[in-house]
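Load the model in your viewer and keep the selection box handy. We'll hop from stop to stop, with a word on what to select and what you'll find there.

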Amino acid sequence: MMRVKVSLFFLVVFLSNFIVYGQDSDLMIDINEHSTVMLVINPEDGRIQDANDAALVFYGYNRKDLIDKRLSYINLLSDEEIQEEMDRAVSEEREYFTFKHKLADGSIRDVEVYTSPILIDGKISLLSIVHDISDKVLAEKKATRSRVIAMVFVGLFLITINIFLLKVNKMRRFYKELSIQYNALFSNMNDGVAYYEMMLDNEGKPVDYKFLEINEAFERITDFKKEDVVGKSIRQVQPSISESWIETCGDIAREGGLTTIEGYDSKLDKYLNVRVYSNELMRFFVVFNDITEQTLARQAVDKERALLKTTLYSLGDAVVTTDRQGMVEMMNKVASQVTGWTIEEVVGEYFCDVISIIDQKRGKEFVCKVDKVISGKTTIDLTSGYLLVDRNGKQKPVELKATPIIDEHNHVLGMVVVFRDASEKVKILERITFLSYHDQLTKLHNRHFFEEELSRLDRDKYYPLSLLMIDVNGLKLTNDAFGHQKGDELLQAAANILNLVCRSEDIVARIGGDEFVVLLPNTSKKNAEDIMDRIYSKVRYYKINEIILSVSIGLATKISDDTPMSSIFVEAEEDMYRKKLTESQRMRNETIENILHTFYETNPREKVHSDAVSNRVVLMAEAMGLDEEEVKLLQLAGHLYDIGKISISNSLLEKKGPLSLAEYEEVKKHPEIGYHILKSVNRYAEIADYALNHHEYIDGKGYPRGLKGSEIPLLARIISVADAYEAMCMNAPYRSALTQDKAVEELKKYSGSRYDPEIVDLLIDTIE
């Protein structure tokens with residue numbers, strides 16, 4: 001039992017210095033860092049679990065003689081009385097006590113004890129901070145004796161007065177001597193004393209009191225002078241006096257008795273112990289002493305105790321201690337959770353029998369080095385690559401440090417082992433390692449890994465080494481038309497196909513936004529072409545709704561060291577770009593056709609509108625005398641200028657009420673989206689500008705670029721007028737169709753501001 005408690009002390013010492021986990025390390029504390037006497041008590045049996053060096057010096061015992069002794073060994077109270085006081089401390093009913101403690105030399109000392117419950121290994125102990133107040137008690141006894149003498153003399157003084165009234169001549173000399181003694185005693189008391197007379201109002205309520213006498217200590221503590229206050233009322237001397245204080249003094253003056261108050265006097269900036277008592281109707285004494293120093297010291301101890309409690313509660317590491325033979329003495333709750341053993345199961349067992357560590361690098365059990373730690377007074381530090389085997393055989397990563405417990409005489413008392421479950425840390429490291437070599441979107445290897453593998457494979461034993469360069473066609477078109485989420489799905493689909501087709505020994509990596517590479521070790525060009533054909537075959541039948549997956553693949557093969565790998569890259573890239581010229585355009589054409597089909601299928605009103613606009617602009621172009629090519633261009637533009645609306649949700653297109661500002665901003669994006677979609681395909685690139693500018697106004701207040709007048713392309717101005725007219729003549733979710741006359745009236749209203757006046761007139765002519 002003695003060794004268990006001694007170990008606990010050194011456990012705290014060790015924990016305060018143990019920093020192995022960097023910034024995650026828990027805050028630790030060492031009670032030996034404090035010169036104040038400290039004891040750790042078991043509240044169940046009153047045994048001393050631990051004591052700091054200051055305690056050993058104060059009581060005059062060595063550690064062996066003091067630890068594991070009952071408190072009655074040093075406390076003059078009986079075991080039953082001590083148990084009652086410990087129960088009060090555990091329930092926090094009481095935290096301050098005064099006792100008489102016996103030292104090793106047989107002397108008796110008065111002590112004040114501040115006690116608080118703390119948790120150690122999940123069990124409640126009592127932390128007691130002990131102060132020697134023998135001198136203070138002696139001084140208080142002397143002061144009390146002086147006060148008693150003073151009261152006796154006061155009583156004798158009053159008696160003498162009565163006797164004096166009867167026997168004036170006979171008692172004159174005795175009274176004079178008594179008066180001299182009383183004044184000397186009153187003046188020389190260490191406590192401040194004031195003698196008052198209570199003052200009442202007409203209803204008999206205390207309203208003030210008058211100074212009759214004060215002593216020198218009163219003057220010293222309060223800085224009041226006798227000649228300035230005697231004969232005056234307290235309100236004259238101290239106008240801020242509280243009504244509650246006057247009431248308290250009034251009760252004592254009228255009813256007698258004694259009351260004691262401790263508190264802070266802000267005017268004096270001191271903590272005072274004040275006693276008010278009366279043995280004469282309407283007159284009372286106030287006796288007080290300055291306790292500032294003691295109060296501040298107690299507050300400092302309270303603060304330190306609170307810090308200690310917080311620190312001890314914050315311990316989060318698993319801790320096991322042993323005796324000098326390596327037998328387990330203590331294990332905290334965290335250690336129990338990590339190992340699966342209960343504290344009761346391991347206490348008294350050999351450490352190496354219950355704690356098993358495996359060296360991951362060597363693939364075998366780590367040799368338990370308890371003897372080396374204890375006999376050699378050395379520390380073992382295992383920071384990574386070790387697994388703890390719990391009682392169920394489950395392995396978990398741990399970080400561990402074992403350190404000998406050494407007393408003040410440099411004797412080894414045992415060992416303390418601190419460890420923590422590093423499972424989360426290992427997972428994080430594995431995740432970081434994975435991310436450093438993998439692409440987060442596709443989960444394929446990234447460029448960094450690919451370059452390392454290329455360096456490893458670029459040697460004779462892996463020749464022929466084939467390289468596939470793969471580019472996803474139309475990714476930008478997909479992002480513009482359907483959003484980046486759909487573009488990401490396209491990349492993920494391509495990655496899945498590559499993983500499916502390629503072999504386990506092949507290296508598949510994403511090295512750019514839409515670029516993939518595949519390294520094929522020991523693969524001829526013919527075999528690489530077979531793999532390439534399988535990729536094309538899988539891709540050909542893959543679609544995500546209306547989105548077409550299309551790739552262009554370039555191939556090159558290295559057969560010897562005569563050709564540098566950089567040349568193989570260039571060859572594969574050139575092959576890929578040759579194929580991309582045709583495959584990418586084909587994919588974009590199909591995508592735009594799918595976009596239109598999907599858009600018109602879900603929004604049939606938009607198809608009717610675009611057909612009407614296309615027919616209207618043809619009539620206007622012919623009336624203007626434009627050549628056949630421009631007429632065809634306008635006709636095509638009339639069908640496609642609103643293709644950017646594919647990005648607007650149906651709920652917004654079908655909204656019956658007015659658009660919010662945010663919704664309107666969303667709608668205003670469609671000209672730019674349409675521009676990017678059309679620009680990506682050669683055959684539509686020429687009409688992309690008309691899609692971009694068909695919402696620009698003549699006065700410069702349109703969107704998206706705020707062009708004005710002739711800055712707006714002519715064909716875009718034609719489409720703008722035709723679009724507005726045909727839209728007004730159709731039913732919309734937010735209004736009914738206008739008549740031709742009303743629609744023309746609206747065009748005229750905005751002619752010259754929104755619309756080109758000449759084109760407005762031209763449209764009116766086509767209507768007529």
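## Stop 1: two unusual backbones

Select asparagine 522, which lies in the loop between β21 (515–520) and α20 (525–540). Bear in mind as you look that this is a predicted model. Check the backbone torsions here: phi of asparagine 522 is near 55°, a positive value in a residue other than glycine. The residue is partly exposed, with a relative accessible area of 44%.

Now jump to lysine 443, in the loop between α16 (423–437) and α17. Lysine 443 also isn't a glycine, and its phi is positive, at about 65°. Its relative accessibility is 46%, so it counts as partly exposed.

## Stop 2: two cis peptide bonds

Stay with the backbone and pick tyrosine 463 and proline 464. They're joined by a cis peptide bond, with omega about -5°. Proline 464 sits in the loop between α17 (447–457) and β19 (465–472).

For another one, select tyrosine 703 and proline 704: the bond between them is cis too, with omega about 15°. Here the proline, residue 704, belongs to the loop between α27 (688–693) and α28.

## Stop 3: a five-stranded sheet

Switch to cartoon view. Strands of a sheet pair through backbone hydrogen bonds, either parallel or antiparallel. Color the strands in the order β7-β6-β10-β9-β8 and you have an open sheet of five, with antiparallel pairing. Which strands stand at the edges? They are β7 and β8 (257–265); each has a single partner strand, so one side of each is left without a neighbour in the sheet. From one strand to the next, the twist averages 30°.

Zoom in on β6 (residues 192–200) and its partner β7: the two run antiparallel and share seven bridges. To find your place along the pair, pick methionine 199, which stands opposite aspartate 208 in β7.

Next, step to asparagine 215, in the loop between β7 (206–214) and α7 (216–222). Is it buried or exposed? Asparagine 215 has a relative accessible area of 1%, so it counts as buried. Show its side chain and draw two distances. One goes to the backbone oxygen of aspartate 191, 2.9 Å from a polar side-chain atom of asparagine 215. The other goes to the backbone nitrogen of valine 193, which the same side chain reaches at 2.9 Å.

## Stop 4: the open pockets

Time for surfaces. Rolling a probe the size of a water molecule over the atoms shows where empty space is left.

The largest pocket holds about 1200 Å³ of space. It is lined by 36 residues, and the ones to select for its centre are His695, Asp723, Ala727, Tyr734 and Arg735, the closest to it. Which helix gives the most to this lining? That's α28, with five residues. Other elements supplying at least two residues include α22 (604–624), α25 (661–667) and α29 (740–749). By type, the lining splits into 20 nonpolar, seven polar and nine charged residues.

Move on to the second largest pocket, with about 850 Å³ of space. Select Lys136, Glu140, Asn289, Ile291 and Gln294: of the 30 lining residues, these are the closest to its centre. Some of our sheet turns up again, since β9 (270–280) and β10 (283–290) are among the elements that each supply at least two lining residues, as are α5 (134–166) and α11 (292–313). The mix in this lining is ten nonpolar, eight polar and twelve charged.

## Stop 5: the closed cavities

Last, clip into the interior. How many cavities of 30 Å³ or more does the structure hold? Five. The largest cavity has about 170 Å³ of space. Leu71, Phe99, Val113, Thr115 and Ser128 are the closest to its centre among 16 lining residues. Helix α4 gives the most to this lining, with four residues. The lining comprises eleven nonpolar residues, four polar and one charged.

Finish at the second largest cavity, with a volume of about 60 Å³. Its lining includes Phe599, His609, Tyr641 and Asp642. Show α21 (565–602), α22 and α23 (628–640) as well, as each supplies at least two residues of that lining. Here the split is six nonpolar, three polar and two charged.

Notes
Residues are numbered from 1 along each chain as its sequence is written. This is a predicted model: local features need pLDDT of at least 70, side-chain atom pairs count only at pLDDT 80 or more; totals for chains, interfaces and linings use all residues. Side-chain values use heavy atoms; hydrogens and water are left out. Buried means under 20% relative accessible area, exposed over 50%, partly exposed in between (1.4 Å probe, protein chains only). A polar contact is a pair of N or O atoms within 3.5 Å; within protein, one must be able to donate a hydrogen and the other to accept it, and residues adjacent in sequence count only if both atoms are side-chain atoms. On a 1 Å grid over the protein atoms alone, a cavity is a set of points where a 1.4 Å probe fits but cannot get out, and a pocket is an open set with protein on both sides within 12 Å along at least five of seven lines; lining residues have an atom within 4 Å of a point. Grid points are joined across faces, edges and corners, and a volume is the space filled by probe spheres set on the points. Ala, Val, Leu, Ile, Met, Phe, Trp, Tyr, Cys and Pro count as nonpolar, Asp, Glu, Lys and Arg as charged, and the others, Gly among them, as polar. Two strands pair if DSSP finds at least two bridges between them. Axes are lines fitted to C-alpha atoms, for helices over the stretch in contact, and angles run from 0 to 180 degrees between N-to-C directions.
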